[in-house]
Amino acid sequence: MAALRNSSGISSGYDEVPGGSETLLRSGLSLRHMRMIVALDDHGRVSAAAQVMNISQPAASRMIAEMEAVLDVKLCERLPRGITLTPYGKALARRARSILLEMREADREISELKAGKGGAVFLGAVTAPAIELAVPAIREIRRIYPRIEITMQVETSNVLARELIATRHDFIIARIPDDLNPRLFEARVIGVEKACLIVRRGHPLSNGKAVRLEDTAAYDWVFQSGGSPLRQAMESNFLNRNIALPDRILNTSSLLLTLVMVAQSDAIAPVSIQVAKFIQNPDGLAGAIDVVQTEFDIEVRPYSLITVKNRALSPAAKMLHDFILREVG
């Protein structure tokens, strides 16, 4: 369909309606006219409609005449007591009511966006702070502002940082990868991740005794990808003790697949302590896994709250970002 064009040939942006009936699009009918026809429909008297509109009765009558002139139809019939809308008036009132409702919703949505109470937030997080920080913050924000739409991706720092640069996230809770220029980001360290080893319940190493690292090398392992900080921390433990790295390794970034492998075999997996607690806790997954008692610690590089330098956050994103900052002190 061809677009309407003014005398200079520039499109008005409206598609032409079949049959040429685009009168209302060009008529000059205003929201005040919409409010007037709805007030007439609600109250059935010109005087009452004028009072609702906060105008005089003669001004209300002129406004009705304006609408009737634009549409070239009679919108209301006068009765001994008040008025009644014609079928044309009722049709316009029905549509006007919808238009006014949409405008109120638009006003509310814009106001909420300006106040940070609405809109959408896109964030990413590595697993430990996703559980410990992001989920509680999202739960609290949604309790206060239920209209905020939040999308969270849980992935490795390498993936999340690139998604952030590509503007697919507002901010992330992760680590800046070694192969990216740190000057691209604003980062604030907000936590240190400690890890542990998990196995299925009844595993040979799940006997309550402290396990040496060399006792684990003969088992299957489930690791994150080679560049992940948790993988690096675990491998450093082996190398610093001159212990050969495990031979049988499944590489995956999927926590679900990690849990399946651990639950259905004698495999060992390093995970953050927060993840292990959530899996074991009756208020979490109440999973049938055990944490292996070890003679060594597994400490991972600190994680940060990261944004792209000189990129402003939306009101909703800033609210969630600042809430997380307050929670970590």
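Helices, as counted here, are DSSP runs of at least four residues and strands are runs of at least two, both numbered from the N terminus. On this basis the chain, which is a predicted model, contains 11 helices and 13 strands. Of its 329 residues, 40% are buried. The area that the chain exposes amounts to about 18600 Å², and carbon and sulfur atoms supply 51% of this area. Among the contacts in the chain with a separation of 6 or more, 68% are accounted for by residues that stand 24 or more positions apart.

One instance of a contact between residues far apart in sequence involves Leu31, which belongs to helix H2, a helix that covers residues 31-43. Although Leu31 and Leu100 are separated by 69 residues in sequence, their C-alpha atoms are 7.6 Å apart in space. When neighbours within four places in sequence are left aside, the residues in contact with Leu31 are Ile99, Leu100 and Met103. Leu31 has a relative accessible area of 39% and is therefore classed as partly exposed, since that class lies between the 20% limit for buried and the 50% limit for exposed residues. Met103, which is located in helix H5 (residues 87-115), is likewise partly exposed, with a relative accessible area of 42%. Together with Ile99, Leu31 and Met103 form a nonpolar patch on the surface, and the accessible area of the three residues together is about 250 Å².

A buried position is provided by Glu193, which is found in strand E8, a strand made up of residues 185-200. The relative accessible area of Glu193 is 6%, so this residue is classed as buried, the cut-off for that class being under 20%. The side chain of Glu193 is joined to the side chain of Arg175 by a polar contact of 2.5 Å. Apart from neighbours within four places in sequence, the residues in contact with Glu193 include Arg175, Ala128 and Ser272, and also Ile298, Glu299, Val300 and Tyr303.

The aromatic residues were examined next. The structure holds 2 aromatic pairs. In one of them, Trp221 and Phe223 are stacked, with their ring centres 5.2 Å apart and an angle of 20 degrees between the planes. Both Trp221 and Phe223 are buried. An edge-to-face pair is formed by Trp221 and Phe238, for which the distance is 5.7 Å centre to centre and the angle between the planes is 75 degrees. This pair links distant parts of the chain, for Trp221 is in strand E9 (residues 221-223) and Phe238 is in helix H8 (residues 229-240), 17 residues apart. Phe238 is buried, as is Trp221, and the three residues Trp221, Phe223 and Phe238 form one aromatic cluster.

Attention was finally given to the backbone. Most residues other than glycine have a negative phi. Asp72, however, has a positive phi of about 60 degrees although it is not a glycine, and Asn310, which is not a glycine either, has a positive phi of about 65 degrees. Asp72 is situated in the loop that runs between helix H4 (57-71) and strand E3 (76-78), whereas Asn310 is in the loop between strand E13 (298-308) and helix H11 (315-328). With a relative accessible area of 69%, Asp72 is exposed; Asn310, with a relative accessible area of 79%, is exposed as well. Both assignments follow because residues count as exposed when their relative accessible area is over 50%.

Note on methods. Residues numbered from 1 in each chain as written. Predicted model: local features only at pLDDT ≥ 70, side-chain atom pairs only at ≥ 80, totals over all residues. Heavy atoms only, no water. Buried < 20%, exposed > 50% of the residue type's maximum accessible area, 1.4 Å probe, protein only. Contact = heavy atoms within 4.5 Å. Polar contact = N/O pair within 3.5 Å; in protein donor to acceptor, adjacent residues only side chain to side chain. Areas by Shrake-Rupley, 256 points an atom, 1.4 Å probe, with all protein chains shown as cover. Patch = residues over 30% accessible without salt bridge, like charges linked within 9 Å, V, L, I, M, F, W, Y side chains within 5 Å. Salt bridge = Lys/Arg side-chain N within 4 Å of Asp/Glu carboxyl O. Phe/Tyr/Trp six-rings, centres within 6.5 Å; stacked < 30°, edge-to-face > 60°.
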